[in-house]
Structure formats: C-alpha cells, structure tokens
Amino acid sequence: MEWLVQVFADAQQRLFEGVVQPFLFHFGMANLLEDGYTATGWLLVGLLQIVVMVAVIVPLQRWKPVEPVVDRQAIRVDILYTLIHRLGLFRLALFFTVDPLWDALMGKLHVWGMPGFHIDDLWPGVTDNAWVSLILYLIVFDLVEYWIHRGQHGLGWWWKLHAVHHSQRQMTVWSDNRNHLLDSVIHDAIVVLVAQLIGVAPGQFVAIVALTQLSESFQHANVRIWFGQLGERLWISPRFHRRHHAIGIGHEPLAPVRNKKVHGNNFGVLLPWWDMLFGTANFDLRYDPTGIRDQVQPNAQGQLRDYGRGFWAQQWRAVLRLLGRA
C-alpha cells in the first residue's frame, strides 16, 4: 500500500507544481497554497475516477444494459453534476465554508480537554497496520453513510432535497452525483465531522472517499449485473442499488402499515450488511423502472410533479419544495 500512496503523492506533487501553483501565483493567491495542494489531490482522484468510469463502466453499459438510452439530455445533466463533484469544485467550496468551522470546533473541544480518539489505536500492532486500519475506517464510514441515507429518506424536509437524486429515470454511471447542492453540503459536513472525531488520517480519508465514490458510480450504472447469492451479501451490486431506485418500491415513504411508516429498502452504500442487520435488505432479482412515483402517477388534480430538466431548474425546484411552494 505504501508504494501506491507514494505514486499518488508524486503525481499530486507534479500536478501541483506544474499547474496549480503557477495558477495561484499568477492570480495573487499564494496564501492559498496549502489549500491548493489539498485540492490538487482531490482533482487527481476525480480525474482517475472519470478515467475508470469512461474506460471500464461505460463499455459495460453498452455491453449489457438494463434498458435502452432514451433521454440523453438527462444524462448530460448528470455528467455536469459529476464534473462539479469529482473534479474538486464542490469540495473546494467546502474548504472555505464547512471545513474551517469543523476545524475550529474540534480545536475548541481539544482545548477544553476532549481526548483524541483513533480507531487504529484500538489494538497496537494490529489495527495500526495500514490495510487493517483502512478496512476498519471503511466499515465505520459505511455505517455512517447508511444512517445518513436513511435520514435522507426518513426526514421529510431532507427528502425534498434528496428527491433530486431519485428523479433520474435514466440511470447511468453518471447518476451518482445528481444531488442537490444543499443535500451534498449536509452529507459532507456529517462525514467530515465523523472523520475529525475518529481521527482518520488525511490520506486514508481520500482513499475511502475515492473507493466509495467509484463503487457508487458502478452501482448506478445501466448494467444488468448482479454478484450471485454470496456476492450480493458481500458488496452492493448495480442490481441491489437499482432496487432502491425503483418507482414506488425502493425508496419512497410508503403507506403506513399497522401505524408504522415504511421508508423503503437497500439504503447501503458499499456493504449490504447494514440493510441485512436493520431489516431493509431486498435481494429480489429484478430490474424495475426507476424514478419517483409522482413523476408517473398524477395527483388528485391530475398533475405530475416536475423535478426540472436542467441543473439549475432541479436545484431551484428542490428549494421550492423545501419552502412548501412546489
């Protein structure tokens, strides 16, 4: 693992010195060199992800698609979302907004005597092994992601934002980052806070985020692929996650059953273990149409909900829903 980290660090250094650093100096932003170096790492991760998506997952979609592509405009919008998130534009905004707040908060807590905690310190000689600690942190973050996802569907106000993600009826490898920006801010703020609390190293945090994002891109791909009876229970497949996006089945608040609201299934991000543990797993081998019920079923007034066609329309309509005006 160390050699892989070194290769990435060398590439990051070259990209920073050859492109980012001259850019910052030219525009009089030398005071941002440290943030620029960090942003360079995220840019490099995003570029590598996009290369894998285009070189590997896109051909898989053409080889074994679930459904034919009928809405290329919607896919082009998803590509825009992907570029914003994967090439560091969104994370760069976080550097100047949310991250400093968490840094200041954690600094205050440590001054007040809150002890530091690192998962890799649990079993000296074992958990501090790079691979072991990476796996441990990956599992912890995946559990956090599961409950974030449950919140995105279970809390009415949060669902009004998260619905942007589920309104895509033409799922492809580009669909993962189709999210409302405020939804992404809330999600990333929670993840960064957890990272601060459990003491994950910056390099490992980047690796965890990169692996998670790439896996999620594959899960959203338009591919008729599942991992078999055993594999489906070890890692989330495109089939498993597509079930979560199925209209009226996988993700929407359903009608109350015995005074208990049911909020869908297959919320896991990497591992299906949490769905299995908390009773939300659905392993039916089906490939249903995706989207939101009110996109295809008219309301009492005979109207279908419009979630917007373009990037800004989708962002604005989510704000209107949040304000109760849509």
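Partly exposed, in this report, means a relative accessible area between the buried range, under 20%, and the exposed range, over 50%. By that rule Asp294, with a relative accessible area of 24%, is partly exposed. The model we are looking at is predicted, and the tour below goes from its charged pairs to its helix α11 and then to its empty spaces.

## Charged pairs

Side chains of opposite charge can pair when their charged atoms come close. Searching the whole structure turns up 10 salt bridges. Three of them are set out here, with the nitrogen-to-oxygen distance for each.

| Salt bridge | N to O distance |
|---|---|
| Arg242 and Glu67 | 3.4 Å |
| Glu232 and Arg239 | 2.5 Å |
| Arg305 and Asp294 | 2.9 Å |

Take the pair of Arg305 and Asp294, whose side chains meet at 2.9 Å. It links distant parts of the chain: Asp294 belongs to helix α13 (293–296), while Arg305 sits in the loop between α13 and α14 (311–322), 11 residues apart. Arg305 counts as partly exposed because its relative accessibility is 34%, which falls between the 20% and 50% limits. A further group, made of Arg243, Asp284, Arg286 and Asp288, is joined into one network by salt bridges that share partners.

The other two pairs in the table both involve residues of α11, Arg239 and Arg242. What does the salt bridge of Arg242 and Glu67 tie together? The side chains meet at 3.4 Å. Arg242 lies in helix α11 and Glu67 in the loop between α2 and α3, so this pair connects parts that are 175 residues apart in sequence. Arg242 has 4% relative accessibility and therefore counts as buried. In the bridge of Glu232 and Arg239, Glu232 is buried at 1% relative accessibility, and Arg239 is buried at 0%.

## Helix α11 and its surroundings

Is helix α11 mostly covered or mostly open? Helix α11 spans residues 238–245 and is mostly covered, with 8 of its 8 residues buried. Among them are Phe240, His241, His244 and His245. The buried residues of this helix pack against α6 (130–154), α7 (156–166), α9 (202–219) and α12 (273–277).

Trp226 is a useful companion to this picture. Its place is in the loop between α9 and α10 (228–231), and with a relative accessible area of 35% it is partly exposed. The C-alpha atoms of Trp226 and Arg239 are separated by 5.5 Å, although the two residues are 13 apart along the chain. Leaving out residues up to four places away in sequence, Trp226 touches Glu232, Ser237, Arg239, Leu285 and Tyr287. Both partners of the Glu232 and Arg239 salt bridge are thus on the contact list of Trp226.

## Cavities and a pocket

Rolling a probe the size of a water molecule over the atoms shows where empty space is left. The count here is 2 cavities of 30 Å³ or more.

The largest cavity has a volume of about 670 Å³. It is lined by 40 residues, and those closest to its centre are Glu145, His187, Asp188, Gln213 and Glu216. Elements giving two or more residues to this lining are α2 (33–63), α3 (72–86), α4 (89–95), α6, α7, α8 (181–198) and α9. By class, the lining holds 14 nonpolar, 18 polar and 8 charged residues.

The second largest cavity holds about 40 Å³ of space. Its lining brings back some familiar names, including Pro238, Arg239, Arg242 and Tyr287. Which element gives the largest share of that lining? Helix α11 does, with 3 residues. The lining divides into 6 nonpolar, 2 polar and 2 charged residues.

Among the open pockets, the second largest has a volume of about 390 Å³. Of its 19 lining residues, Asp71, Ser167, Arg169, Gln295 and Arg309 are the closest to its centre. That lining has 5 nonpolar, 7 polar and 7 charged residues.

## What the record adds

An unreviewed UniProt entry carries the annotation "transmembrane region" for residues 39–58, 79–98 and 130–148. In the model, residues 39–58 are 100% helix and 0% strand, with end C-alpha atoms 27 Å apart. Residues 130–148 are likewise 100% helix and 0% strand, and their end C-alpha atoms lie 27 Å apart.

Notes. Residues numbered from 1 in each chain as written. Predicted model: local features only at pLDDT ≥ 70, side-chain atom pairs only at ≥ 80, totals over all residues. Heavy atoms only, no water. Buried < 20%, exposed > 50% of the residue type's maximum accessible area, 1.4 Å probe, protein only. Helix = DSSP H or I, 4+ residues; strand = E, 2+ residues; numbered from the N terminus. Contact = heavy atoms within 4.5 Å. 1 Å grid on protein atoms, 1.4 Å probe; cavity = no way out; pocket = protein on both sides within 12 Å on 5 of 7 lines; lining within 4 Å. Points joined across faces, edges and corners; volume = space filled by probe spheres on them. Nonpolar A, V, L, I, M, F, W, Y, C, P; charged D, E, K, R; others polar. UniProt positions renumbered as here; feature names shortened; annotations may be inferred. Salt bridge = Lys/Arg side-chain N within 4 Å of Asp/Glu carboxyl O.
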